[in-house]
Amino acid sequence: MFSRSALRTLAAPSSRLFSSSSARQSKVAVLGAGGGIGQPLSLLLKSDPLVTSLNLYDIRGAPGVAADVSHVDTASEVKGFSADHLDAALEGVEVVVIPAGVPRKPGMTRDDLFNTNASIVRDLAAAVARVAPTACILVISNPVNSTVPIVAATLEKAGVYDPKRVFGVTTLDVVRAARFTSGVTDAKPSETPITVVGGHSGATIVPLLSQSSKGKTVSGEAYAALVHRIQFGGDEVVQAKDGAGSATLSMAYAGAKFTNAVLRGLNGEKGVVTPTFVKSPLYADQGIDFFSSNVELGPNGVEKIHPIGELSAEEKKLLDACLPELKKNIEKGKAFVA
Ligand code: NAI
């Protein structure tokens, strides 16, 4: 699934999904583990050899999910924690993945989730600040453009904010971009990795197709359709599920892929680079202090934030549309905590 060596071993019938280059101990917690994303994400993390201990927390159903997942024949230990045991779930944890909160229904934007999810994410971040203040926090709960600033501001209030350790998970946009671009260029998804920058909702999602050898061959109506599909691919799933939620399985895959990347960075592996929504200097002069671009991951979390590189004329327009909306989303998150 993730590193080159892992990709090579996938061809073998009894292959594993993840790569493990080292035997370092990694304790991971999933907050919202009983949900549509949380359950398959927990299963995938149980299969990741870099995860040695997995704490599953939810206000509903986590002990059952933990009992179930714990029977999978990999070495990691799995424990389930119910509503009143959040602090215990976070004890000694190095990586906290947060898919807690409500998902979209047809006709909703991610911003429509703000009222419910903002306080869920704030309260979970406050608990992490109290119990595991040095943990890396991977935020899946939407709207990511606002929930990441909420987590940052909550940690800041508690006096434990380290911008290198707070990430918005935008990997599903990257996964979709590779898959959809492969579809229109007749190439394998492994040949069409696409850098996606900006934020994680509609017009704030900016795929940089011009930086991909296959992606830059797409033009005209096909280009417009591809960009639209990458930006609004989530709607396809929301509509197809017809009221039963949004992307859960592909999101679990993306969340596990990103968690594996963070763990590889923490383990000291070099060259682990992927887009993620972090505190970023790239557009800070325009009042946009969170932004997704390629980030190198390392032993402290964020190692290096890469600039977005050369843009085509179309991509400049996409970025122009992204920035004001992203700014509003970020300010809304900050205002909530203030
Ligand atoms: P879901 O409703 O199936 O699961 C959410 C889980 O969170 C439930 O089990 C619920 O009990 C739990 N929960 C609620 N409040 C909690 C709290 N205070 N503490 C712990 N757990 C709590 O929803 P689903 O489909 O798993 O989606 C979760 C979130 O992920 C949504 O906000 C959704 O919009 C977002 N999402 C993000 C994506 C991304 O690319 N970053 C992609 C798809 C969804």
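Analyst: Helices (H or I, at least four residues) and strands (E, at least two) are DSSP runs, numbered from the N terminus. This is a predicted model, where local features need pLDDT of at least 70 and side-chain atom pairs count only at pLDDT 80 or more, while totals for chains, interfaces and linings use all residues. Residues are numbered from 1 along each chain as its sequence is written.

User: OK, so what do helix and strand come to over residues 170-337?

Analyst: The chain there is 48% helix and 20% strand, with the end C-alpha atoms 22 Å apart. That stretch carries the UniProt annotation "domain: Lactate/malate dehydrogenase C-terminal", from an unreviewed entry; such annotations may be inferred rather than shown by experiment. The whole chain has ten helices and eleven strands.

User: What makes the chain as compact as a globular protein of that length?

Analyst: Its radius of gyration (taken over C-alpha atoms) is 19 Å, and the globule rule (2.2 Å times the number of residues to the power 0.38) gives 20 Å for 338 residues. Those two values are close, so the chain is as compact as a globular protein of that length. Along the principal axes, the C-alpha atoms fill a box of roughly 55 × 50 × 40 Å.

User: Why does His 200 count as buried?

Analyst: Buried takes 20 or more other C-beta atoms within 10 Å of the residue's own, exposed is 12 or fewer, and partly exposed is in between, with C-beta atoms placed from the backbone. His 200 has 29 such neighbours, so it's buried. Buried residues make up 50% of the 338 in the chain.

User: Where does His 200 sit, and what is it in contact with?

Analyst: You'll find it in the loop between β7 (196-198) and β8 (205-207). UniProt's unreviewed entry places the feature "active site" at His 200. Its contacts (C-beta atoms within 7 Å) include Asn 145, Gly 168, Asp 173 and Phe 277, leaving aside neighbours within four places in sequence.

User: Asp 173 is in α7, right? Why is that helix called largely enclosed?

Analyst: Yes, Asp 173 is one of the buried residues of α7, along with others including Leu 172, Val 174 and Phe 180. Eleven of the 15 residues of α7 are buried, so the rest of the structure largely encloses this helix. The buried ones pack against β7, β8, α8 (220-241), α9 (249-266) and β9 (272-283).

User: How do you know that the span of α7 agrees with what it should be?

Analyst: Expected span is 1.5 Å times one less than the number of residues. For the 15 residues of α7 (171-185) that comes to 21 Å, and the end C-alpha atoms are 21 Å apart, so the two agree. Right after α7 comes Asp 186, with a positive phi near 60 degrees.

User: What makes Ser 280 buried and Gly 268 exposed?

Analyst: Ser 280, in strand β9, has 20 C-beta neighbours inside 10 Å, so it counts as buried. Gly 268, in the loop between α9 and β9, has 12, so it counts as exposed. Ser 280 touches Asp 289, Phe 290, Phe 291, Ser 293 and Ile 305, not counting residues up to four places away in sequence. As for Gly 268, its C-alpha lies 9.1 Å from that of Asn 300, 32 residues away along the chain.

User: And how many residues surround the ligand?

Analyst: There are 32, and the closest are Gly 35, Gly 36, Ile 37, Ala 100 and Asn 142. A residue is in if its C-beta atom lies within 6 Å of the molecule. Helix α5 (114-131) gives the most to this shell, with three residues.

How values were computed. Two residues are in contact if their C-beta atoms, placed from the backbone, lie within 7 Å.
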